[in-house]
Amino acid sequence: MKFNLFILGLCLGASILGGCNDDLSLVGSTIQPEGDRPIVYNDTFQLKASTIQMDSIYAKTEYGLLGEIYDPLYGNLKSDYICQFYCPDDYQFKHKPLDGMIDSVDFRIKYSASSWIGDSLAPMRAEIYQVTSPLKDNYYTNIDPKDYCNMQISLGAQTYTAFDPSISDSLRENALDVDNAKAYPSVVIRMPKELGQKFYEETINNPETFKNQDSFNKFFPGLYVTNTYGTGNILFVDRSSFTIYYRYIVTGSAGQDSIVKGYERFNVTKEVIQLNRFKNTDMTELLKPNDSYTYIKSPAGVCTQIVLPAKEIVSVVKNRILTNLPLTMKAMPQPDWQYALNPPPYLLLLPQDSVKGFFEKNQVENNKTSFLSTQYSSSTRSYTFGNISNILQYQIDNAPDKDLVLVAIPVNRETSQGTYYQDPYTISLSNYLAPAGVQLRKDEEVTEIIVTSCVFNN
């Protein structure tokens, strides 16, 4: 799946241009009495933009990214994850294994037939390690696996390529069900059979271990899944699971016994913890100040910070009512190399000190202190935020002696369709986890902002 790189720029659409001027216009003059006509002002200011590093992002999800890619502009990105497994209360094996013995154990990384970024034929190797310390529900992506795992003991590894030639094109294009094994390829890693044997014997000898999820987590804290070889591909993992295989005896209606195959499967679900890690390197050039553009790189790479000169605006606008501050971010053409990164679908604009609480509390845009852009337009190479004057007014009301510091963050948006006469509305916003990158122009022309305000004669 090829992603394309776009370069964003800041520019503001306004129908009237002026430079900190006193040009006036009358609104509704044909229907308003002379004394009631508002006086409208349009004042021009300059915002500032820079690139800042994102140490980590909040990523509470049962989905994962696995692999490593390199981009000539944005550098290297490595993705892996640590996960627990869901266990039903009072769990027991569905059947008694033949002679009480387990046959085999494996770990499966399941992804859709086209769900990756980069070179689908790049040779990669996945490796798993057992978690030895309890996981904490800290969903920020700068975790250190060494805090949770014994990295000296591997439980298995497997070399793979993302593209599976055994899956037909028709299945690949119409894959909808993650349980459809024919449509969804898997990276299968064989694990020590002794681990499955330990599980079975624990259900017999210490059934309290499986009484609830907490007691199960103490017995089996989880697995760390990482990439130990290869650069060029990242998988979007739909499901992670480990499976214990065995045989058991079934007695037929005629009294004859037969041996059949069975299995016990433990999945990563939303009920348990998954900790995703994103490690970005080679970002020195992105963070260097320049006069032409800033950068956005996801996940957990860099974002763009903009500063609205609130103190200067207050000195000009004073006690007027703010009515309009349109903001649009535009992009330049993408680089032409293979597997160039794609711009994220949406950008979220909010105060820098509000980012942490926004995602932890599962908030959505309110058009007062947070604004969501329109979906990226490839025809105009732009994101549009509309009128953001509310957030400037909030700053003036609460901290008029400070400039307004905002950040533009790539996000994923889930919507509800609503009724036939309503546009889709946001039901969830989360940090964008797919690799993406854009450059934002910051030259004088596109960082000009026009603030519209008014006063009433009365």
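Modeller: Two strands pair if DSSP finds at least two bridges between them; strands themselves are DSSP runs (E, at least two residues), while helices are runs of H or I with at least four, all numbered from the N terminus. The model is predicted, so local features need pLDDT of at least 70 and side-chain atom pairs 80 or more, while totals for chains, interfaces and linings use all residues. Residues count from 1 along each chain as its sequence is written, and side-chain values use heavy atoms, without hydrogens or water.

Colleague: Thanks! How many bridges join S14 to strand S15?

Modeller: Let's start on the other side of S14 (residues 239-251), which pairs antiparallel with strand S7 (residues 104-110) over seven bridges. There, Ser104 has Tyr245 of S14 as its bridge partner. S15 (residues 257-267) also runs antiparallel to S14, and the number of bridges joining these two is 11.

Colleague: Which residue takes a positive phi in the hairpin of S14 and S15?

Modeller: On the strands, Val250 has Ser258 in S15 as its bridge partner. Five residues lie between the two strands, and the one with a positive phi, near 85°, is Gly255.

Colleague: What percentage of the chain's contacts with a separation of 6 or more is between residues 24 or more positions apart?

Modeller: Contact means heavy atoms within 4.5 Å. Asp282, in the loop between strand S16 (274-281) and helix H4 (284-287), gives us an example. Leaving aside neighbours within four places in sequence, Asp282 touches Tyr70, Tyr74, Gly75 and Asn76; Tyr70 is 212 residues away in sequence, yet 9.4 Å away C-alpha to C-alpha. For the chain, the share you asked about is 80%.

Colleague: Which strand gives the most residues to the lining of the largest pocket?

Modeller: A pocket is an open set of points on a 1 Å grid over the protein atoms alone, where a 1.4 Å probe fits, with protein on both sides within 12 Å along at least five of seven lines; lining residues have an atom within 4 Å of a point. This one is lined by 33 residues, with Thr61, Tyr63, Asn412, Ser430 and Leu433 nearest its centre. Elements giving two or more include strand S5 (64-71), helix H6 (355-360) and strand S24 (404-416). The top contributor, with four residues, is S25.

Colleague: How many residues of that lining are nonpolar?

Modeller: Ala, Val, Leu, Ile, Met, Phe, Trp, Tyr, Cys and Pro count as nonpolar, Asp, Glu, Lys and Arg as charged, and the others, Gly among them, as polar. The lining has six charged and 11 polar residues, and its nonpolar ones number 16.
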